[in-house]
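Biologist: Thanks for sitting down with me. Could you walk me through how the labels on this one are earned?
Modeller: Gladly; let us put it on the screen.

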Amino acid sequence: MKEKNIRRRLIKDRLFLILIGVLSLTALIPLIFILGYIFRNGIRVINWDFLTQLPQPVGEETAGGIVHALVGTIIIIGLSFFLAVPFGIGTGVYLSENRNTRFSVIVRLCVDLLMGVPSIVVGIIAYAWIVRFQGFSALAGSIALSILMIPMVVRGTEETLNLIPPSYKEASLALGVPYYRTMLKVIIPSGFGGITTGVLLALARIAGETAPLLFTALGSNFLNVNIFKPMHTLPLLIYDYATSPYKEWHHIAWGASFVLVIFVLVLNIISRLVIKKWKIQF
Amino acid sequence: MLKQRLSVLKKELIEYATLVETMIEKSIRGFLSKNKSLLNEVIKLDEEKANRWEIVIDELCTSLIAQYEPRAKDLRTILMILKMNNDIERMGDHAVNIAKSGLFLIQYPSFTYPESIQNMSDTTTTMLKDSIKAFTTEDIQLAREVCKRDDEVDKMQLSVLKKCIDEMTEDPSLIERALHVIRITGKLERIADLSTNIGEDILFMVEGKIIKHHHN
Amino acid sequence: MENSILTIKNLDAYFGKTQVLKNINLSFPYKKVTAIMGPSGCGKTTLIRCLNRMHELTADADYGGSIFLGDVNIFEKNPITLRRHIGMVFQRPNPFPNMSIYENVLAGYTLNGIRLTRLERDSIVQDALQKAALWEEVKNHLNKKGTFLSGGQQQRLCIARALAVKPDIILFDEPTSALDPRATTHIEELIEELKKTVTIVMVTHNIAQAARVSDYTAFLYMGELVEYNSSERIFTVPKDKRTEEYLTGKFG
């Protein structure tokens, strides 16, 4: 090989690496700016009152807090969790166990399609099917959100279980363990890390959903824990207050944005820790 | 697995050799003490037993090689046992021939020198005994030493041959008997040779050294 | 043939329309090691998987004929209880990844919801690990996950797990083909010991291994049982020409 050729190739290598680095930084920059801006604008509003008080009418001494939205977010997301997880994991298990049947191909197709449905459309459907008959409620909101969660949980579960070598199932069956016990006590626990990650990521996604909640949970100014009535959430509050003409409310919106971002960040960190701790070597 | 079966094989060979040793000793004793039944025992009972044993050992060696693919010393051991088996079977045959010649000779008064034949027989059977001992304990010194004694036996055979020739030339009626005596000592000499083979085989088995055709 | 514990009569096996085993008649002697050898695709793994009715777990699988464990036809018995009498060790060591060594050995009991006292559990674990020649190496690490052991140790753990439920027969499906030579030797020596307590049926594609380890050997070719005899006989004087050709390397 000629000297000149080698030198040229090394230079190309170096240039390529630099290019990748530059592109990555470029992608990071907006992210850093966004987070920084939210942080700066949000942090000055955060205090204990902010997190524990209801909002006050404009003009009062203190601007009040976001406790109703905070509590509402937790309740609605929690409810979505309990609705989505059994269906999601169950479907994921079914798809992983039956890879090629006609039915499972159809189910998989539907799940993939559902993944791509815009969240506002899901909200409108929930409105048409539930709200029109039962009125606005947190439950309707949770149902809409759980519909958004399910495809992610299904995907996560199915892919995790597909990675588990079939020899564990065989080993368990060969010990005279019935099929249902094999799934419940060997296979699903082996996939615990991956399944949990799927669930946590789905939760992180719906934490920030606003559009479907506009048609279902509606929002409220009061602290409400009755799931059959309207309830407020952080994204709804941010939407309300950011589009209002009051400056105080804008500040509150920034504070709420900050809280929401932290919430999503924490969920992501937890999911990474879970992967690490529960990583089961095959 | 292989280890256990190998020690079983060795034991079988040692027992086989011991049987043949007694056959030789019986045939000489029977001849010198004019004991017909002893000689018949060797010919009728012992030979059958000896032949069966040879087959058993052959088959055992074959299956050990087929089943265990032995290497290095294990391989040498099994191959040498195969050869020793063969040589011991020959010795058994020679013992039977000695007994047969013995049966002829005891009908007549003896003219040979019983001590020289007794000496030869003792030396030969000791050689066989020692070679088996060397095999059991893997004693290469003993094995080498056995090989050297072959010369003694050759000398003894030569002297008996000379005596017989003298007797034959003096009295031609003795020719048939003399020839049987020569046959007996000839067989003893062959047995001594075969014991030497065993000694050489032991050396190969233990050290991987080939000394045959060299030890003279 | 001495005392047989498992007898196969006219067994056929199918995957969909393809017939993989043709009219197999074979019996396995009590507390001996029987090897099943043959070239790839001859049906030996299918055969062994029929013995504990794992074959039927594959889609499209089917059988004909009968297999008698003692005097009971296993096809008429509940497969789940059957598998507690006939254990299996697989080609790739597969201790359950979410369980410790201790829990793995007891898996046959705990996964079936069988309750045991602390004393019973400890004694079963120690007994099984001792029989599998693994006790000394892991007795101080019983709470570690099974996946931290070496390949050979993992395989012995799987053997302990199979032994813990005290089966009558253990089936080995090419137990050493994923292991290095030293681990292979350990497992072979272990099998030699184990036959004192349990009947063993072993599938192998390694002729030398079948010759070393087994008391009886069956040669399978294209789904048919070509020859079955004591290992001593079959490796020195095979009766069928196909056996002869296989053993001398003409095919497979």
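Biologist: What covers the buried residues of helix 11 of chain A?
Modeller: The cover includes helix 3 (67–97), helix 10 (211–215) and helix 12 (247–277) of chain A. Two residues are in contact if their C-beta atoms, placed from the backbone, lie within 7 Å. Helices (H or I, at least four residues) and strands (E, at least two) are DSSP runs, numbered from the N terminus. This is a predicted model, where local features need pLDDT of at least 70, side-chain atom pairs count only at pLDDT 80 or more, and totals for chains, interfaces and linings use all residues. Residues are numbered from 1 along each chain as its sequence is written, and chains are lettered from A and ligands numbered from 1 in the order in which they are written.

Biologist: Which residues of helix 11 are buried?
Modeller: In helix 11 (residues 234–242) of chain A they are A:L234, A:P235, A:L236, A:L237, A:I238 and A:Y241.

Biologist: What makes C:V165 buried rather than exposed?
Modeller: A residue is buried if 20 or more other C-beta atoms lie within 10 Å of its own, exposed if 12 or fewer, and partly exposed in between, with C-beta atoms placed from the backbone. C:V165 has 21 other C-beta atoms within 10 Å, so it counts as buried. This residue lies in the loop between helix 6 (151–164) and strand 7 of chain C. Leaving aside neighbours within four places in sequence, C:V165 is in contact with A:L175, C:R84, C:G87 and C:G108.

Biologist: Why is strand 8 of chain C called largely enclosed?
Modeller: Six of the six residues of strand 8 (residues 199–204) of chain C are buried, so the rest of the structure largely encloses this strand. C:T199, C:V201 and C:V203 point one way, C:I200, C:M202 and C:T204 the other way, and all are buried.

Biologist: How do you know that strand 8 of chain C pairs with strand 3 and strand 7 of chain C?
Modeller: Two strands pair if DSSP finds at least two bridges between them. Five bridges join strand 3 (residues 33–37) of chain C to strand 8, running parallel, so the cut-off is met. C:M37 stands opposite C:T204 there. Strand 7 (residues 169–173) of chain C is also joined to strand 8 by five bridges, again parallel, and C:F172 has C:M202 as its bridge partner. From strand 7 the chain crosses through helix 7 (residues 181–194) of chain C to strand 8, in a right-handed β-α-β crossover. Right-handed here means that, with the strands pointing away from the viewer, the path from the first strand over the helix to the second runs clockwise.

Biologist: What is the make-up of chain C, and why is chain C called as compact as a globular protein of that length?
Modeller: Chain C has 10 helices and 10 strands. Its radius of gyration is 18 Å, close to the 18 Å that the globule rule gives for 252 residues, so the description fits. The radius is taken over C-alpha atoms, and the rule is 2.2 Å times the number of residues to the power 0.38. Buried residues make up 46% of the 252 residues in chain C.

Biologist: How many residues of chain C are in contact with chain A?
Modeller: 21 residues of chain C are in contact with 19 residues of chain A. The largest share of that side of chain C, four residues, comes from helix 2 of chain C.
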